[in-house]
Amino acid sequence: ADLAEEDISKRGEERYAAEAWHGHLRRHRSKLVDLCQGQLRSQVRCGECGCDSVTFDPFLFLSLPLPPGLRRGGREPIEAAIRAFCAEE
C-alpha cells in the first residue's frame with residue numbers, strides 16, 4: 001500500500017479509537033476516569049490467514065513487566081518497563 005492509503009487507514013483507526021473512548025466516557029464519566037484511566041490498543045494477527053483484529057479497551061491499571069535481573073531495592077526507569085509492555089510478541 002502506498003503512503004496515502006496507509007494514512008487513510010490510520011485516520012480510520014484513530015476515529016474508531018476516539019469513538020470507543022467517547023462511548024466509554026458517556027457511560028463512565030468521573031474525575032477518577034479523567035485522572036486515572038486510559039485506552040489500550042490491542043492487535044492480534046491470525047496465524048492462518050494473516051488478518052488483523054484491532055480493539056481499543058479502557059484501563060485503570062497496567063501490569064508492567066519487571067526487567068530481568070532487577071533485584072529487590074534496585075531501580076530502573078519506568079520507560080524501560082513501558083517499552084517492554086509495548087513490544088510486539
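Here are some numbered notes on this predicted model, written for someone new to reading structures.

1. Ground rules. Residues are numbered from 1 along each chain as its sequence is written, and side-chain values use heavy atoms, with hydrogens and water left out. Since the model is predicted, local features need pLDDT of at least 70 and side-chain atom pairs count only at pLDDT 80 or more, while totals for chains, interfaces and linings use all residues.

2. The overall layout. The chain has three helices and two strands (DSSP runs numbered from the N terminus: H or I of at least four residues for a helix, E of at least two for a strand). Going along the sequence, you'll meet them in the pattern α-α-β-β-α.

3. Buried or exposed? Of the chain's 89 residues, 9% count as buried. Here buried means under 20% relative accessible area, exposed means over 50%, and partly exposed is in between, with a 1.4 Å probe and protein chains only. The chain exposes about 7,900 Å², and carbon and sulfur atoms supply 53% of that (areas come from the Shrake-Rupley method with a 1.4 Å probe, and for residues only the protein chains shown count as cover).

4. Contacts along the chain. A contact means heavy atoms within 4.5 Å. Take the contacts between residues at least 6 apart in sequence: 19% of them join residues at least 24 apart.

5. How many salt bridges does the structure hold? There are two, a salt bridge being a side-chain nitrogen of Lys or Arg within 4 Å of a carboxyl oxygen of Asp or Glu. One pairs R41 with E13, and their closest N and O atoms are 2.6 Å apart. This pair links distant parts of the chain, with R41 in strand β1 (residues 38-45) and E13 in helix α1 (residues 3-28), 28 residues apart. E13 is partly exposed at a relative accessible area of 29%.

6. The other bridge. R29 pairs with D34, with 2.9 Å between the closest N and O atoms. R29 counts as exposed because its relative accessibility is 55%, whereas D34, at 41%, counts as partly exposed.

7. A closer look at R41. At 38% relative accessibility, R41 is partly exposed. If you skip residues up to four places away in sequence, R41 touches E13, V54, T55 and F56. Check F56 in the viewer: R41 and F56 are 15 residues apart in sequence, but their C-alpha atoms are 4.6 Å apart in space.

8. W21 is worth a click too. You'll find W21 in helix α1, and its relative accessibility of 22% is why W21 counts as partly exposed. Leaving aside neighbours within four places in sequence, W21 is in contact with V33, Q37, G38, Q39 and P58. The C-alpha atoms of W21 and D57 are separated by 8.1 Å, with their positions 36 residues apart along the chain.

9. L62, out in a loop. L62 sits in the loop between β2 (52-59) and α3. With a relative accessible area of 35%, L62 is partly exposed. From L62 to L40 the C-alpha distance is 9.3 Å, and the two are 22 residues apart along the chain.

10. The largest pocket. Rolling a probe the size of a water molecule over the atoms shows where empty space is left. On a 1 Å grid over the protein atoms alone, where a 1.4 Å probe fits, a pocket is an open set of points with protein on both sides within 12 Å along at least five of seven lines. About 530 Å³ of space lies in the largest one (grid points are joined across faces, edges and corners, and the volume is the space filled by probe spheres set on the points).

11. What lines the largest pocket? The lining residues, which have an atom within 4 Å of a point, are L40, R41, S42, Q43, R45, F85, C86, A87, E88 and E89. Strand β1 gives the largest share, five residues, and both β1 and α3 (78-86) supply at least two. By class, the lining has four nonpolar, two polar and four charged residues (Ala, Val, Leu, Ile, Met, Phe, Trp, Tyr, Cys and Pro count as nonpolar, Asp, Glu, Lys and Arg as charged, and the others, Gly among them, as polar).
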